[in-house]
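Please examine the model below with attention to its strands, its surface patches and its charged pairs. The paragraphs after it take these topics in turn.

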Amino acid sequence: MKKILLLPLFLLLLLLPACALVPVEEVLPQTPVVQQIETEQIKTVNVVRGDLISEKDFFCKYQPVNEETLTFEETGPAIAAVYVKTGDSVKAGDLIAELDNTQLQKKLDTQQQTVDSLNLQIAQQQSRIALQEERITLLTELTALDSSYQSRLTSAKQTLSDQNEQLVYLFARLTVEKASLEELQEDLTGRQLFAGMDGTVSYALSLADSTVYAKSQTVCIIQDLRAAAFTGSFPTGTFEVGQQTSLRVNDQPRDVVVESVAASGNGENDTVRFQLVTPDASLKTGDSGVITLVTASLEDVLYLTNRVIHRQNGV
């Protein structure tokens with residue numbers, strides 16, 4: 001009986017090690033989740049070594065000290081001639097331009113002939129009177145010797161009296177005709193423009209394209225270029241009297257010299273006058289000049305251009 005019980009127990013012991021030799025199924029790990037990687041393109045730029053210079057443009061205005069603008073007061077007639085052109089030098093009293101004076105000139109010529117004729121008549125009458133006075137002197141002497149000359153003396157004196165009256169009449173007419181001539185001459189002068197100052201013509205009307213009438217028409221501008229200057233406001237101490245520099249007018253350089261420097265009320269700026277080294281008649285009152293000044297500078301530094309610097313979120 002004991003042998004029967006031991007046999008199953010023995011078999012059980014043999015089976016237990018055998019079970020340990022059976023392989024166990026391996027559990028595989030979970031596949032990891034692959035996330036999409038966001039990429040940002042990065043640009044590279046070259047760093048530049050050099051000098052950094054900050055510049056600022058300052059503006060000034062052209063203004064002649066002495067300037068004359070010539071226009072006709074009379075309206076209507078066409079401008080017949082302009083005798084000057086831009087850049088011409090003129091003297092006070094020079095004829096600059098005139099209106100169409102064809103009809104007026106005819107009247108003036110006729111009136112001048114009338115005055116000349118009266119002057120000739122007066123001269124001839126004065127000669128007659130002088131001869132008549134000599135005749136009367138001679139007749140007076142003869143009458144003293146012979147009374148028969150008395151009647152001839154009396155007639156000569158009457159003739160002299162008539163001649164003197166005629167002379168008075170001629171002088172009266174001459175006065176009237178001269179007055180008329182002067183009026184016509186004044187009308188003619190009103191139709192002519194004369195320079196009132198010495199200077200240079202900075203503008204002259206051109207009649208080449210069309211007939212121009214006098215009404216509200218500027219005919220000529222004369223400037224004293226010796227006193228013309230650019231005036232502007234600049235930081236205090238920028239310029240000194242006598243200093244030479246240059247400015248640009250319509251991108252064209254002009255050499256100038258500092259004529260005067262006056263401190264402004266705020267103490268931060270100076271009012272500076274620049275005189276042109278070479279006067280330029282083409283410049284007009286109010287033309288702008290530009291002077292570029294260096295406000296700050298750094299030498300031999302590394303820098304990037306503004307084009308590669310971007311702001312994000314205000315930074």
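The account begins with the basis of the model and then turns to sheets, salt bridges and surface patches.

The model is predicted: local features require pLDDT of at least 70, side-chain atom pairs count only at pLDDT 80 or more, and totals for chains, interfaces and linings use all residues. Residues are numbered from 1 along each chain as its sequence is written, and side-chain values use heavy atoms, with hydrogens and water left out.

Helices (H or I, at least four residues) and strands (E, at least two) are DSSP runs numbered from the N terminus, and two strands count as paired if DSSP finds at least two bridges between them. An open sheet of 4 strands shows antiparallel pairing in the order 2-8-7-4. Strand 2 (67-71) and strand 4 (89-90) occupy the edges with a single partner strand each, so one side of each has no neighbour in the sheet. Within this sheet, strand 7 (residues 199-204) and strand 8 (residues 218-223) run antiparallel and are joined by 4 bridges. Thr200 faces Gln223 of strand 8.

A further antiparallel pair consists of strand 10 (residues 244-249) and strand 11 (residues 252-263), linked over 6 bridges. Val249 is opposite Gln252 in strand 11. The hairpin of these two strands has 2 residues between them, and Asn250 there adopts a positive phi near 55°.

Strand 11 also takes part in a charged contact. A salt bridge is defined as a side-chain nitrogen of Lys or Arg within 4 Å of a carboxyl oxygen of Asp or Glu, and the count by this rule is 6. Glu259 pairs in this way with Arg273, with the closest N and O atoms 2.7 Å apart. Because Glu259 lies in strand 11 and Arg273 in strand 12 (residues 269-276), the pair ties together parts that are 14 residues apart in sequence. Asp224 and Arg226 form another salt bridge, at 2.9 Å from N to O. Here Asp224 is buried, with a relative accessible area of 10%, whereas Arg226 is exposed at 64%; buried means under 20%, exposed over 50% and partly exposed in between (1.4 Å probe, protein chains only).

Surface patches comprise residues with over 30% relative accessible area and no salt bridge, like charges being joined within 9 Å and nonpolar side chains (Val, Leu, Ile, Met, Phe, Trp, Tyr) within 5 Å. Glu182, Glu183, Glu186 and Asp187 make up a negative patch. Asp187 belongs to helix 3 (residues 150-190) and is partly exposed at 42%. Val45, Val47, Leu302 and Leu304 form a nonpolar patch; Val45 sits in the loop between helix 1 (2-20) and strand 1 (48-63).

How values were computed. Accessible areas come from the Shrake-Rupley method with a 1.4 Å probe; for residues, only the protein chains shown count as cover. Lys and Arg count as positive and Asp and Glu as negative; His and the chain ends are not counted. The place of a charge is taken as NZ of Lys, CZ of Arg, CG of Asp or CD of Glu.
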